[in-house]
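Reader: I would like a close look at one part of this structure, followed outward to whatever can be said with care about burial, exposure and charged pairs. Could you take me through it in one connected account?

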Amino acid sequence: MEFFVFVCAALMILLGAIGVIVRKHPVHAALSLVLTLFGIAVLFVAQEAHFLAAVQVIVYAGAIVVLFLFVIMLLGVDRVENLRTEPLTAQRPLAIIASLGLLGVLVAAIVNGNGILNERGSGINLPDLQNGSDANTVQLAESIFSQYVVAFEVTSVLLVIAVVGTVLLTRKAKLGAK
Amino acid sequence: MIALDPLLQDDLLWAPLLIVLLKVLVVFVVGLLATMLMVWFERKAIAGMQNRIGPNKAGPFGILQTLADGIKLFFKEDLFPSRADRFVFALAPFLSFVPAFLAFAIIPLGGDFRNGSSGEVTLFGQVTRIQLADPPIGVLFALAISSIAVYGIMLAGWSSGSKYPLLGSVRATAQMVSYEAALGLSLACVLLLSGTLSTSGIVSAQTTIVDWHIISTGIVPFFIFMIAATAELNRPPFDLVEAEQELVGGFNTEYSSIRFALFYLAEFMNTVTMSALIVTLFFGGPQPIAVGNFVLDIPLLPNALEGTVWLLAKILVFLYIYIWFRATLPRLRYDQLMDLGWKLLIPASLGWFMLLAAQRLARQNNWNIIVVTGASIAVLLICYLLMQAAFARSARERETQGTMF
């Protein structure tokens, strides 16, 4: 059963990921991304990480890709781009190097964590009749708001910086044009 | 707090499987019937408010009017606009129809929750709940589903290849994404008090009227949730998505036949689901009205079935309120809509959440609750004044320098 779920979800993820790259139309690519994100949510559920699955759907599928689509629609960039022209020189070689590096890091992480990957949920309370349905949420909240509270707050500062930066950029552009 | 459905704890056997199938069937049929009756109810009630008769030909009191309309729509020609993106155009109605039904799965539809009972019933020798699914994430599932529902409307507008539907769907996206924040934040107030995400847990925490979350969270989150839910449903006064006077018909202009009917169904189904969700979160769901030790009990009915009657009665009140909104309130302007969402609802729900959290902390640590509440209100007041100052400044700058965008 679990294997079956994994195969289905993995197929969803892979098809979606390939779709993002292959589909020429930006809207279709964004929809493929939704497929991938859903597959990941399914995998989270299969691993009993229900809260993460919900957040995955709410935040990524529900907000981020919606914003992608919103921008695509609003700016009217939903036309096929010419792939021959390169807006930034040396972007492609750099992208190849970066993706190879990322692949290497991922493979190294998997090889390194091979032992840990097999024992699922040890030391973690899974939601069941004994632990109640909120076991996941409680444990996540405890670790985020006690052990990793600084990292958590720093991340929120990062988001605020992004917002302030956006406001500043739009104002600057307008003032400069005057 | 045990909140998972005990039915699904052991290995899957035939009896539980059949019960689950039965539940799915019942929820689906009830959903369709509820939608059908809701459409009729809305037309009839609005007709009454506007001194008209409303549907009165098909069946007694015109109750079969929706069925007649549905059959008519089935047999209409299914048109694809020539500039439409065919795949997405065909997909979009289902993207809004399916989530509308999915969200109904987590509503406790009955059961005995009195005095902290878990609301479990025995069906064919199996212990279960009168609710299709009780996932550990509970109400977050409803939020996730409502964020998926955005896609239906957005893609419908975009894939039509026409400008009015596109405008409608761009509006819809902005509106639904903005109000989802207020929706989630007011929901957080309820979750803070109930201490669980599961819907059945939330219901069993609301035994008497004083425990109902509308009172225990202090009414404000309820109003915010209600307004945000109305905006999330794209119902009047927030129906800018399909503002006929400006956008022909909004995001569904190019749709015809059964595809249009699916959008229509989804809209009304969402209204029913959202009413049920409001009742579950703030009005005790299937709990009877109880003050102190006095319980308003319906005689002769078993307590579990009584829950269903109470739930239906409470949902009907909210359905009527939604119809009432539609009949009386004029549509908001777009900037008013965004101002209401971002400048009022989100800060208010955040502030109220902080207040409740401070009180909870005070109760846990035995601090003086009056001092804590006073201090929180002072902080909130300062925040409010700062915000007002910022608004005034930006209004002044807009006047001197012109709009920035």
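Author: What follows begins with one helix of chain A and then turns to the salt bridges of chain B.

The model is a predicted one, and every value below is computed from it. Helix α1 of chain A runs over residues 2-22, and its 21 residues reach 30 Å from the first C-alpha to the last, which is close to the 30 Å expected at 1.5 Å a residue. The buried residues of α1(A) are A:A9, A:I13, A:G16 and A:G19. Because these residues cover an arc of only 130° around the axis, they are on the same side of α1(A). Such spacing can be read against a general rule: an α-helix has 3.6 residues a turn, so residues three or four places apart point the same way. As for what the buried side meets, the buried residues of α1(A) pack against α2 (26-46) of chain A.

The face of α1(A) turned away from that buried side carries the exposed residues A:F3, A:F4, A:L14, A:L15, A:I21 and A:V22. One of them, A:L14, is found in helix α1 of chain A and has a relative accessible area of 53%, so it counts as exposed, the cut-off being over 50%. A:L14 also takes part in a nonpolar surface patch of about 500 Å², which it makes together with A:I18, A:V20, A:I21 and A:V22.

Helix α2 of chain A can be followed through A:A30, which is found in that helix and is buried, with a relative accessible area of 7%. Leaving aside its neighbours within four places in sequence, A:A30 is in contact with A:V65, A:L69 and A:I72. The C-alpha atoms of A:A30 and A:V5, by comparison, are separated by 24 Å, the two residues being 25 residues apart along the chain.

The charged pairs come next. A search of the whole structure finds 8 salt bridges over all chains, and among the pairs is that of B:R43 with B:D69, whose closest N and O atoms are 3.0 Å apart. This pair links distant parts of the chain, since B:R43 is in helix α1 (residues 14-49) of chain B and B:D69 in helix α2 (residues 65-74) of chain B, 26 residues apart. B:R43 counts as partly exposed at 34% relative accessibility, and B:D69 likewise counts as partly exposed at 24%.

A second pair joins B:D239 and B:R331, with the closest N and O atoms 2.9 Å apart. B:D239 lies in the loop between α8 (220-232) and α9 (244-247) of chain B, while B:R331 lies in the loop between α11 (303-328) and α12 (334-365) of chain B, so the pair ties together parts that are 92 residues apart in sequence. Here B:D239 counts as buried at 10% relative accessibility, whereas B:R331 counts as partly exposed at 26%.

In the pair formed by B:R393 and B:E397, the closest N and O atoms are 2.6 Å apart. Because B:R393 and B:E397 are 4 residues apart in helix α13 (residues 369-401) of chain B, they are separated by about one helical turn. B:R393 counts as partly exposed at 46% relative accessibility, and B:E397 counts as buried at 17%. Finally, B:E42, B:R235 and B:R326 are linked in a network of salt bridges.

Terms used:
Residues numbered from 1 in each chain as written. Chains lettered and ligands numbered in written order. Predicted model: local features only at pLDDT ≥ 70, side-chain atom pairs only at ≥ 80, totals over all residues. Heavy atoms only, no water. Helix = DSSP H or I, 4+ residues; strand = E, 2+ residues; numbered from the N terminus. Expected span 1.5 Å × (residues − 1). Buried < 20%, exposed > 50% of the residue type's maximum accessible area, 1.4 Å probe, protein only. Arc of directions from axis to C-beta. Contact = heavy atoms within 4.5 Å. Patch = residues over 30% accessible without salt bridge, like charges linked within 9 Å, V, L, I, M, F, W, Y side chains within 5 Å. Areas by Shrake-Rupley, 256 points an atom, 1.4 Å probe, with all protein chains shown as cover. Salt bridge = Lys/Arg side-chain N within 4 Å of Asp/Glu carboxyl O.
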